[in-house]
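Visitor: I am new to this structure. Please take me through the largest pocket closely, and then show me what lies around it.

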Amino acid sequence: MNQVSTKDIVKKYGFKFTKSLGQNFLIDDSVLMDIVEGAEVNSEDFIIEIGPGVGTLTRELLKRSKKVCSIELDSELIPILNEELKEFDNFELIHKDALKVNFNELIGDEKSVKVVANLPYYVTTPIIAKLLNEGYNFKSLTIMIQKEVGERIAAKPNSKDYGSLSILVQYYCDTKIIRKVSPASFIPQPKVESIVIKLDKLDKPRVEVKDEKLFFRLCREAFNMRRKTLWNASKNLKLDSKLMEEAFNCAEIDPKRRGETLSLQEFANLSNAIYSLTHTKS
Ligand code: SAM
């Protein structure tokens, strides 16, 4: 598959890894292929790749898709990528911090948009949050992340991993774990185990929410104070206590419960009750 390996390219250009940029490059072809196959890339797809490194995953994506737009922050990698991938006319390279990119400008009118990436681990959560919160029109996100973040994404109520990230991802997506990946599949080796996970964007969010801003704020407050009751945690919303009492009643949720025991549907019910009460009383 790879004509040139990651190790060869690193050696050829004397590339020096920058730890602070989360640079752990894939050297295991079986993982590379599982990412590409797991993402179900086809010739209609417009692929956005975050952090192409020296372009080994990018090359496989370029062979199978209509276009790949890769976003790389490290200026040392830009000439390497341009040289190594010069035979592809469906490649676009953006030298930028992915957290500062307006993805709508890249996506334009594209209909079949998929994000595929071996993410830099230091920004995994902010990147997932940005991609989901900013409402971009993509079908799926197939990403390599730390195993521990994967556990937080898939966590159910009453577990230590259940939190704002579980709510955010489960609200917008179905999740499927493609495979586990050991540190030996990278150079340099990371300290943690990794997984490849596919997040398939749902046609509409999993639960009906009247005010998403309020819903996510309520979840954040509930998980920021995990050890407190919902009643105490919800004080940070700075709403009238009578109104909050009524909201708990309407949603049929005991305010003495802790936030980490609430399902996605229960968070939606409580935030919808607060929304209805604040909008009828004002
Ligand atoms: N895709 C390559 C691979 O699989 O071998 C490299 C993956 S490496 C884990 C993460 C890549 O993301 C590095 O190339 C790093 O320079 C780049 N990167 C780090 N922070 C970034 C950011 N904020 N925006 C875009 N790229 C970033």
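**The largest pocket and its surroundings**

Guide: Start with the walls. Four elements each supply at least two residues of the lining of the largest pocket: the strands β1 (25-26), β2 (46-50) and β3 (67-72), and the helix α3 (56-64). Keep in mind that this is a predicted model.

Now the space itself. The largest pocket holds about 390 Å³. Its lining counts 30 residues, and those closest to the centre are Gly-51, Pro-52, Glu-72, Asn-118 and Pro-120. What is the lining made of, by class? It has 17 nonpolar residues, nine polar ones and four charged ones.

Next, the enclosed space. By the rule used here, there is one cavity of 30 Å³ or more. The largest cavity has a volume of about 30 Å³. Its lining is made by Gly-22, Asn-24, Asn-118, Leu-119, Tyr-121, Phe-186 and Pro-190. Asn-118 thus appears in two places: it lines the largest cavity, and it is among the residues closest to the centre of the largest pocket. By class, the cavity lining divides into four nonpolar and three polar residues, with no charged ones.

Step back to the whole chain. The protein is divided into domain 1 (6-201) and domain 2 (212-281). Their contact takes 12 residues from domain 1 and 13 residues from domain 2. The centres of the two domains, taken over C-alpha atoms, are 35 Å apart.

Look at one residue of helix α9. This helix covers residues 212-224, and Asn-224 is in it. Is Asn-224 buried or exposed? Asn-224 is exposed, because its relative accessible area is 58%, and the cut-off for exposed is over 50%. Its C-alpha atom is 35 Å from that of Phe-17, and the two residues are 207 apart along the chain.

Last, the cysteines. How many disulfides are there? The count comes to zero. Cys-173 is in no disulfide, and the nearest cysteine sulfur, in Cys-219, is 15 Å away. Cys-173 counts as buried because its relative accessibility is 1%, and buried means under 20%. Why is Cys-250 not bonded to Cys-219? The sulfur of Cys-219 is the closest cysteine sulfur to that of Cys-250, but the two are 18 Å apart, so they are too far for a bond. A disulfide needs the sulfur atoms within 2.5 Å.

Conventions: Residues are numbered from 1 along each chain as its sequence is written. This is a predicted model: local features need pLDDT of at least 70, side-chain atom pairs count only at pLDDT 80 or more; totals for chains, interfaces and linings use all residues. Side-chain values use heavy atoms; hydrogens and water are left out. On a 1 Å grid over the protein atoms alone, a cavity is a set of points where a 1.4 Å probe fits but cannot get out, and a pocket is an open set with protein on both sides within 12 Å along at least five of seven lines; lining residues have an atom within 4 Å of a point. Grid points are joined across faces, edges and corners, and a volume is the space filled by probe spheres set on the points. Ala, Val, Leu, Ile, Met, Phe, Trp, Tyr, Cys and Pro count as nonpolar, Asp, Glu, Lys and Arg as charged, and the others, Gly among them, as polar. Buried means under 20% relative accessible area, exposed over 50%, partly exposed in between (1.4 Å probe, protein chains only). Domain bounds come from an automatic or database domain assignment. Contact means heavy atoms within 4.5 Å.
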